[in-house]
Amino acid sequence: MKKHNFYAGPSILSEYTIQNTADAILNFADTGLSVLEVSHRSKEFQAVIDEATALVKEILEIPAGFEVLWLGGGASLQFAMIPYNLLVKKAAYLDTGTWASNAIKEARLFGEVDVVASSKEAGYTYIPKDFVVPADADYFHYTTNNTIYGTEIRTDPNVPCRMVADMSSDIFSRRIDFSNYDAIYAGAQKNLAPAGVTLVIVRTDALGKTDRPIPTMLDYRTHVKKGSMFNTPPVLPIFSALQTLRYYKQLGGIDELERRDVEKAKMLYGAIDDSKMFTGTVTDPADRSIMNVCFVMTPEYKELEPAFVDFCLARGIVGIKGHRSVGGFRASLYNALPIESVKVLVDAMHDFEATH
Ligand SMILES: *Cc1c(COP(=O)(O)O)cnc(C)c1O
């Protein structure tokens, strides 16, 4: 049976990405070798990383002055690398969830951290609006999409300093005005590639301002200078990322990706809002994520939640259980998820509600 994959990460990849990756595991670029067993310094792999970098720049319309890096360590390593490289004295952070607060914890190792607002007291069910970012902050850090809680900031906050964004779970779902940013990073395993590589886009001018010693591998300048080839990069995830980027370009680029994402989210939120059995967990509709839709059953049906998960499984719907810290359901609608899968989920919600 066809599976409808709503996992939050690692998560669904396009068939194009999976098929081309499978083919290259058997025979990479007609070398007669697997992509798993070629040198990262071979001309065939150099062509892969060069094209992937060029496509990131093209699709996101990255202006001059930024470098695209392919690093290991996950988005979680960026929580430390960002302040290590960019925090001179003081940085401002917005606390909108577990990932944001993990980033705050790391930044405190490197300097003064001004947490300008937090929605922690409300279980991170909304995005704080009225916060003030000090003009003398080295940067303002925020998480664009809160994967666990289903909230999202899709319009850049208006702040008096440059920004740094963790876009792990919504990169390639909207345009980015790079003039506002010093850095953007994203673990690949939500909207780009299998786990193992992290995409970092950094403004080169912002580097070298701190005089603290930085270990070689944690210094962005190392990777800028060596084109992400200082050491062995995550070869396979980069190969897969290239496939996804080609697929994104073929689809029509960032505006088309966003159009599809908005359409899918609308369909699912519509079904939740029309239902007596299900209800969304994000308090303000303006804060709802188009990537991770979080919902629960209303109190009178609450005990049916496990039964609904089983009901869905029988229809090939996987990965809708909410994060263990939140409960309920979370349907992740990443770029590679076809709208047909959302229809199947919405039908399951209707049918389950009708029989209970
Ligand atoms: C998944 C996720 C992370 C963690 O990524 P790792 O690559 O596992 O370190 C960080 N931030 C956000 C927004 C995420 O969704």
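**Pro 10**

I started at Pro 10, which sits in the loop between β1 (4-5) and α1 (15-26). This is a predicted model, so I read every value as computed. I checked the peptide bond there: Gly 9 and Pro 10 are joined in cis, with omega at about -5°. Worth a note, since most peptide bonds are trans.

**Positive phi**

Next I looked for odd backbone angles. Most residues other than glycine have a negative phi. Glu 61 has a positive one, near 50°. I found Glu 61 in the loop between α2 (43-59) and β2 (66-71). Is Glu 61 buried or exposed, or in between? Its relative accessible area is 48%, so Glu 61 goes down as partly exposed; the exposed class would need over 50%.

Ser 228 is another non-glycine with a positive phi, about 60°. I placed Ser 228 in the loop between α5 (220-225) and α6. Ser 228 is at 4% relative accessibility and therefore counts as buried.

**His 40 and Gln 46**

I moved on to His 40, in the loop between α1 and α2. At 14% relative accessibility, His 40 is buried, because the cut-off is under 20%. What does His 40 touch, beyond residues up to four places away in sequence? I listed Phe 45, Gln 46, Met 229, Asn 231, Thr 232, Pro 233 and Val 235. I also took a long span from here: the C-alpha atoms of His 40 and Leu 333 are separated by 33 Å, with their positions 293 residues apart along the chain.

Gln 46 came up in that list, so I followed it. Gln 46 lies in helix α2. I have Gln 46 as partly exposed, at a relative accessible area of 31%. Leaving out residues up to four places away in sequence, Gln 46 touches His 40 and Met 229. Met 229 is also a contact of His 40. C-alpha to C-alpha, Gln 46 and Met 229 are 9.4 Å apart, though 183 residues separate them in sequence.

**Ala 54**

I stayed on helix α2 and looked up Ala 54, which is placed there. Ala 54 counts as partly exposed, at 44% relative accessibility. I took its distance to Leu 242: 9.8 Å between C-alpha atoms, for a sequence separation of 188 residues.

**Cores**

Then I went inside. Which residues touch the most other members in the largest nonpolar core? I noted Val 56, Leu 60, Trp 70, Phe 140, Phe 172 and Ile 201, out of 56 residues in that core. Helix α6 (residues 235-251) gives the largest share of this core, 8 residues. There is a second, separate core of 33 residues, which includes Ala 265, Met 291, Phe 308 and Ile 320.

I picked Ile 201 for a closer look. Neighbours within four places in sequence aside, Ile 201 is in contact with Val 56, Leu 60, Ile 62, Phe 66, Glu 67, Val 68, Phe 178, Asp 182, Ala 183 and Ile 184. Two of the well-connected core members, Val 56 and Leu 60, are among these contacts.

**Lys 302**

I turned to Lys 302, in the loop between β12 (292-297) and α8 (305-313). Lys 302 is partly exposed, with a relative accessible area of 38%. Not counting residues up to four places away in sequence, I find Lys 302 touching Val 296 and Met 297. Where is Ala 75 relative to Lys 302? The two are 34 Å apart in space, C-alpha to C-alpha, and 227 residues apart in sequence.

**Whole chain**

Last, I stepped back to the overall numbers. I counted 9 helices and 14 strands in the protein chain. Does size fit a globule, and what radius goes with it? For 356 residues a compact globule would have a radius of gyration near 21 Å, and the chain has 21 Å, so the two agree. The C-alpha trace spans about 65 × 55 × 30 Å along its principal axes.

Buried residues make up 56% of the 356. Of the contacts with a separation of 6 or more, 66% are between residues 24 or more positions apart. I put the accessible surface at about 15100 Å², with 53% of it on carbon and sulfur atoms. On charges, I have 36 positive and 44 negative, and their mean positions are 3 Å apart.

Notes:
Residues numbered from 1 in each chain as written. Predicted model: local features only at pLDDT ≥ 70, side-chain atom pairs only at ≥ 80, totals over all residues. Heavy atoms only, no water. Helix = DSSP H or I, 4+ residues; strand = E, 2+ residues; numbered from the N terminus. Rg over C-alpha atoms; globule rule 2.2 N^0.38 Å. Buried < 20%, exposed > 50% of the residue type's maximum accessible area, 1.4 Å probe, protein only. Contact = heavy atoms within 4.5 Å. Areas by Shrake-Rupley, 256 points an atom, 1.4 Å probe, with all protein chains shown as cover. Lys, Arg positive; Asp, Glu negative; His and termini not counted. Charge placed at Lys NZ, Arg CZ, Asp CG, Glu CD. Core = buried A, V, L, I, M, F, W, Y, C linked by side-chain atoms within 4.5 Å.
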